[in-house]
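Student: I'd like to walk through this model with you, one question at a time. Could you help me read it?

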Amino acid sequence: MEGLPVYWSDPTRTEFEVTVESCRDAGDHFEVTLGESVIRPAGGGQAGDRGTLVADREVRVLDTAEHNGNVVLITDEPVQTGPAVLTIDAQWRRSMMRNHTAEHLFVATLVHKYPSVRLGYIWIDGERGTVEVSGHLTEDDLFDAERRVQGVIARGLPVQSTMVEVSALDASVRAREGVRSRSGRVRVVSIGDYDRSACSGTHVLNTADIRVFKIVDYRLSDTGAHVEFLTGDRAVARLSHVFNEVLRRKYTYPYELDQIGAVLDKGKRAVSEHTALREKVMGLLRSGPAVERIGNTTFMHEFLPGFDAKAMRLCAKSLRLGAPSAVLFFAPGRKPTVLLWTDGLPHGASHYIRDAVVRLGGKGGGSREVFTGGFRETSDDVALFEQLVESVRHTLNADVRVTGT
Ligand SMILES: [Zn+2]
C-alpha cells in the first residue's frame with residue numbers, strides 16, 4: 001500500500017512523530033498543518049480524527065478537516081512549528097472503524113434483500129452511525145437486517161481494502177453515484193465474501209472487532225428509512241442500561257420481561273383513559289349525572305372511560321337509587337363493556353338489553369338483576385353507547401305502556 005495514507009493501510013496505529021508546518025489563529029480555535037499525511041480529515045460521511053499534539057506544549061486536537069486540499073488539525077491552543085508527537089484518540093478512531101464497517105454490513109444486508117435499496121445520507125463518528133436508505137422498508141426489515149449483521153459479526157470475516165481502477169469496477173461493488181464516472185483509482189473495501197464497496201473511511205480489520213451492532217432509533221417513510229445505531233462498548237452499555245431499567249421494576253410492578261411491549265401498550269392506554277375519565281368527571285361536575293324518569297322507573301346511564309366490568313358493578317351497587325330503577329354503565333376501550341344493573345323491574349335485566357347487545361355485535365349474560373355484555377373493538381364507542389341507551393329506554397317505555405306505571 002505504498003503511497004497510501006497510513007490510516008488506510010494501518011488504521012490501528014495511533015502514535016506518530018510529525019512536523020508542525022504552520023499554526024494559524026482562526027478566532028475561536030487554531031488550525032495546524034503537518035508535513036505528514038497520518039491523520040484522517042472529516043469526509044465521505046465520516047467525522048475527523050481527534051487526539052493530542054505535543055510540541056512545546058500539549059494541545060488538544062478537537063477535529064480534523066480538509067481545507068482546499070490541505071489536512072488541517074483544529075486545536076484549542078497554538079503550537080510551535082517543528083517536531084511534535086501526534087497521538088490519535090484511539091477510542092474515537094476505533095469506534096468510527098466499528099461504526100463504519102457496521103454501516104457497510106447493514107446497508108449490504110438490505111441490498112441483498114432488496115437490490116433497489118440505495119444509500120443516501122450517511123454520518124459516522126466515534127459515538128454512533130446514522131444512515132438513510134431509499135426503499136419502502138418496514139421495521140421488521142430493519143430488525144431482520146440487524147440480526148443478520150450480528151451474524152456476520154460473529155463469523156469473523158476479514159476486512160480488506162484494495163485500490164481499483166474505476167474502469168475495472170464491476171456491478172458487484174457498491175459505489176455512490178458519480179464514483180463510476182470518475183477517472184483514476186478508488187479504494188474498494190471488501191468484507192469477506194459478504195460485501196464490496198467503494199469507500200474512503202476507516203474500518204476494522206475483522207468483523208468480530210465490531211462485537212455488537214444495535215439499532216437505537218429509526219424513522220420510516222414511504223420512500224426510505226433513517227436509522228441510527230451503536231456498536232461495540234457503546235452498544236453494550238446502552239443495552240445494559242435499557243435492560244436494567246426494565247429489570248429494576250420487575251418486582252415493584254410485577255410482569256414478565258418478555259411482556260414489556262404489552263405492558264407499555266397498557267400504560268399508554270391507561271394514560272389516555274385517565275385523561276378521558278378526568279374530562280368525564282369534569283363534565284359530570286358541571287352538568288350532573290344523566291338520570292331520567294320513565295314512568296316511575298329511574299333510568300341512569302353513564303359513559304365511563306377507564307372502568308372495567310368489576311368497577312362498574314361496584315359503582316352501580318353503591319348508588320342505591322331505590323326500586324324500580326335501571327343503571328346502564330358503558331366502558332369504552334379495546335373491549336368495550338356494558339353493564340345493566342336493575343332493581344325492582346318486572347323483567348330480568350337481560351330482557352332490557354340482551355337483544356340490543358347481540359344486534360350490535362356483542363354478547364353477554366348475568367343474573368336476574370345484572371347483565372354484563374362485551375364487544376369487540378369499535379371505532380365509535382360513543383355511538384355504540386348511545387344505541388344501547390336508546391334501546392334500553394325503548395324497552396323500559398314498553399313496560400310503562402303494558403303496566404301503566
Ligand atoms: Zn466505509
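Student: Across which strands does helix H7 lie, and at about what angle does it run to E19?

Tutor: Happy to help, and bear in mind that this is a predicted model, where local features need pLDDT of at least 70, side-chain atom pairs count only at pLDDT 80 or more, and totals for chains, interfaces and linings use all residues. Residues are numbered from 1 along each chain as its sequence is written. Helices (H or I, at least four residues) and strands (E, at least two) are DSSP runs, numbered from the N terminus. Helix H7 (residues 349–359) lies across E16, E17, E18 and E19, running to E19 at about 10°.

Student: What is the strand order of the six-stranded open sheet, and which strands stand at its edges?

Tutor: Two strands pair if DSSP finds at least two bridges between them. The order is E14-E15-E16-E17-E19-E18, with mixed pairing. Each edge strand has a single partner, so one side of each is left without a neighbour in the sheet; these strands are E14 (291–294) and E18 (363–366).

Student: Which residue in E17 stands opposite Ala326?

Tutor: Strand E16 (residues 325–331) pairs with strand E17 (residues 337–343) in the antiparallel sense, over seven bridges. Opposite Ala326, in E17, stands Thr342.

Student: In the sheet E9-E10-E11, which residue of E10 is the bridge partner of Val159?

Tutor: This open sheet of three strands has antiparallel pairing. Seven bridges join E9 to strand E10 (residues 185–191). In E10, the bridge partner of Val159 is Ile191.

Student: How are H2 and H3 oriented to each other?

Tutor: Axes are lines fitted to C-alpha atoms, for helices over the stretch in contact, and angles run from 0 to 180 degrees between N-to-C directions. Helix H2 (residues 90–113) packs on helix H3 (residues 139–155) at an angle of about 120°, with the axes 9 Å apart. Angles under 35 degrees count as roughly parallel, over 145 as roughly antiparallel, 65 to 115 as roughly perpendicular and the rest as oblique. H2 and H3 are therefore oblique.

Student: What is the radius of gyration of the chain, and what does the globule rule give for 405 residues?

Tutor: The radius of gyration is taken over C-alpha atoms, and the globule rule is 2.2 Å times the number of residues to the power 0.38. The chain is more spread out than a compact globule, because its radius of gyration is well over the rule's value: 35 Å against 22 Å.

Notes:
Contact = placed C-beta atoms within 7 Å.
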